[in-house]
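User: Could you pick one part of this structure and walk me through it up close? I'm a first-year student, so please explain the terms as you go.

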Amino acid sequence: MSDAEPDAAETSIAGDYELDAPPHKVWRALHTPELREIWLPGSALAEPDAITVIPGKELRFRMRDDAPPFLESTVTFRIAPNGTGGTRLRVIHALTDPRFDRMTWAASNTNTQPLMRAA
């Protein structure tokens, strides 16, 4: 499985999980809204449908925080057989909100002395 996209590397986290269930069952749990609702509530999603789907392999959803500043992100689920009849699940959560770019450039404290002006 590939890592998160290079441009999202600094604004994402990823986790790899080995599951005993076969890939088709994991896919069903990710793809079926009623099953997904158990562990990923629809209220966390910006829209109910996946924004990208690669059948049997990958789903990507757009999410939005439910509290200010209401940042947007994506969560990607990638599944693959693990060679023992189970599934390797990779979950990538990336902050995609364009406002984040501006926030990363502005330090809250530069630790520099303020400029003094002569009187």
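**A close look at strand β4**

Analyst: Strands β4 and β5 run antiparallel to each other, joined over nine bridges. (Two strands count as paired if DSSP finds at least two bridges between them.) Before we go on, this is a predicted model, numbered from 1 along each chain as its sequence is written; local features need pLDDT of at least 70, and side-chain atom pairs count only at pLDDT 80 or more, while totals for chains, interfaces and linings use all residues. Side-chain values use heavy atoms, with hydrogens and water left out.

Let's start with the setting. The protein chain has three helices and five strands, and along the sequence they come as β-α-α-β-β-β-β-α. Both kinds of element are DSSP runs numbered from the N terminus: helices are H or I with at least four residues, strands are E with at least two. The five strands make an open, antiparallel sheet in the order β1-β5-β4-β3-β2. At its edges stand β1 and β2, each with a single partner strand, so one side of each has no neighbour in the sheet. From one strand to the next, the twist averages 15 degrees. Helix α1 (residues 23–31) lies across β1, β2, β3, β4 and β5, and it runs at about 160 degrees to β4. (For such angles, axes are lines fitted to C-alpha atoms, for helices over the stretch in contact, and the angle between N-to-C directions goes from 0 to 180 degrees.)

Now back to β4 and β5. They form a hairpin with five residues in between, and G83 in that turn has a positive phi of about 90 degrees. Look across from β4 and you'll find the partners in β5: F77 is bridged to V91, and V75 stands opposite H93. H93 also has I13 opposite it. That fits the pairing of β1 (residues 12–19) with β5 (residues 87–95), antiparallel over eight bridges.

Next, the rings. Searching the whole structure turns up two aromatic pairs. In W39 and F77 the ring centres are 5.5 Å apart and the planes sit at 85 degrees, so this pair is edge-to-face. W39 is in the loop between α2 (33–36) and β2 (52–54) while F77 is in β4 (residues 72–81), so the pair ties together parts 38 residues apart in sequence. F77 is buried at 5% relative accessible area, whereas W39 is partly exposed at 42%. (Buried is under 20%, exposed over 50%, partly exposed in between, using a 1.4 Å probe and protein chains only.)

F77 pairs with F61 too, again edge-to-face, at 6.3 Å centre to centre and 70 degrees between the planes. Here F61 sits in β3 (residues 58–64) and F77 in β4, so parts 16 residues apart in sequence are tied together. F61 is buried, at 1%. Together W39, F61 and F77 make one aromatic cluster. (Rings of Phe, Tyr and Trp, taking its six-membered ring, pair if centres lie within 6.5 Å; planes under 30 degrees apart are stacked, over 60 edge-to-face, the rest tilted.)

Finally, find T74, also in β4. T74 is buried, at 12%. Skipping neighbours within four places in sequence, T74 is in contact with I51, R60, F61, I92, H93, A94 and T96, where contact means heavy atoms within 4.5 Å.
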